[in-house]
Amino acid sequence: MPKMKTNRGAAKRFSRTGSGQYKCSHSHLRHILTKKSAKRKRQLRGTTIIAAVDTPAVRRMLPYT
């Protein structure tokens, strides 16, 4: 049976933590920043853990992580 292919778009967006969860960065922080409040932009910094309901889909896209 051939090897499974990794979804390259997902590989650039998600990474696995040591505990087996997946983390990703927030969206909406690239452009049109003048109308967004400082609080909103500050809270979009950094990474977050994806929801448990989305984990199986990410796991299928990243089979070897």
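Asp54 counts as partly exposed because its relative accessibility is 41%, a value between the limits of 20% for buried and 50% for exposed. The structure is a predicted model. Asp54 sits in the loop that joins strand 3 (47–49) to helix 3 (55–61). In sequence Asp54 is 32 residues from Tyr22, and the C-alpha atoms of the two are 9.5 Å apart in space.

The neighbouring element is helix 3, where Thr55 is found. Thr55 has 14% relative accessibility and therefore counts as buried, the cut-off being under 20%. With residues within four places in sequence set aside, the contacts of Thr55 are Tyr22 and Ile50. Val58 touches both Tyr22 and Ile50, and also Phe14, with residues up to four places away in sequence not counted.

**Core**

Tyr22, Ile50 and Val58 are among the 6 residues of the largest nonpolar core, and Ala10, Cys24 and Leu62 complete the set. In soluble globular proteins, nonpolar side chains tend to be buried together. In the whole protein, buried residues come to 15% of the 65 residues.

**Strand 3**

Thr48 belongs to strand 3. Its relative accessibility is 30%, so Thr48 counts as partly exposed. Outside the four nearest places in sequence, Thr48 is in contact with Tyr22, Lys23, Cys24 and His26. Thr48 and Thr17 are 31 residues apart in sequence, with a C-alpha to C-alpha distance of 11 Å.

The accessibility values of five residues are collected below.

| Residue | Relative accessibility | Class |
|---|---|---|
| Asp54 | 41% | partly exposed |
| Thr55 | 14% | buried |
| Thr48 | 30% | partly exposed |
| His28 | 55% | exposed |
| Ile32 | 47% | partly exposed |

**Loop between strand 2 and helix 2**

His28 is found in the loop between strand 2 (22–25) and helix 2 (38–43), and Ile32 lies in the loop between strand 2 and helix 2 as well. Most residues other than glycine have a negative phi. The phi of His28, however, is positive, near 70°, and that of Ile32 is positive too, near 55°. His28 counts as exposed because its relative accessible area is 55%, which is over the 50% limit. Ile32, at 47%, is partly exposed.

**Largest pocket**

His28 is also one of the residues that line the largest pocket. The other lining residues are Arg13, Phe14, Cys24, Ser25, His26, Ser27, Leu29 and Arg30. By class, this lining has 3 nonpolar, 4 polar and 2 charged residues. The volume of the largest pocket is about 230 Å³. Cys24 is listed both in this lining and in the largest nonpolar core. Phe14, another lining residue, is touched by Val58, and His26, also in the lining, is in contact with Thr48.

**Overall fold and dimensions**

The protein has 3 helices and 3 strands. Read from the N terminus, the order of elements is α-β-β-α-β-α. Among contacts with a separation of 6 or more, 55% are between residues 24 or more positions apart. The radius of gyration is 15 Å, whereas a compact globule of 65 residues would have a value near 11 Å. The C-alpha trace spans about 50 × 25 × 20 Å along its principal axes.

Definitions and conventions:
Residues are numbered from 1 along each chain as its sequence is written. This is a predicted model: local features need pLDDT of at least 70, side-chain atom pairs count only at pLDDT 80 or more; totals for chains, interfaces and linings use all residues. Side-chain values use heavy atoms; hydrogens and water are left out. A nonpolar core is a set of buried Ala, Val, Leu, Ile, Met, Phe, Trp, Tyr and Cys residues joined through side-chain atoms within 4.5 Å. Buried means under 20% relative accessible area, exposed over 50%, partly exposed in between (1.4 Å probe, protein chains only). Contact means heavy atoms within 4.5 Å. Helices (H or I, at least four residues) and strands (E, at least two) are DSSP runs, numbered from the N terminus. On a 1 Å grid over the protein atoms alone, a cavity is a set of points where a 1.4 Å probe fits but cannot get out, and a pocket is an open set with protein on both sides within 12 Å along at least five of seven lines; lining residues have an atom within 4 Å of a point. Grid points are joined across faces, edges and corners, and a volume is the space filled by probe spheres set on the points. Ala, Val, Leu, Ile, Met, Phe, Trp, Tyr, Cys and Pro count as nonpolar, Asp, Glu, Lys and Arg as charged, and the others, Gly among them, as polar. The radius of gyration is taken over C-alpha atoms; the globule rule is 2.2 Å times the number of residues to the power 0.38.
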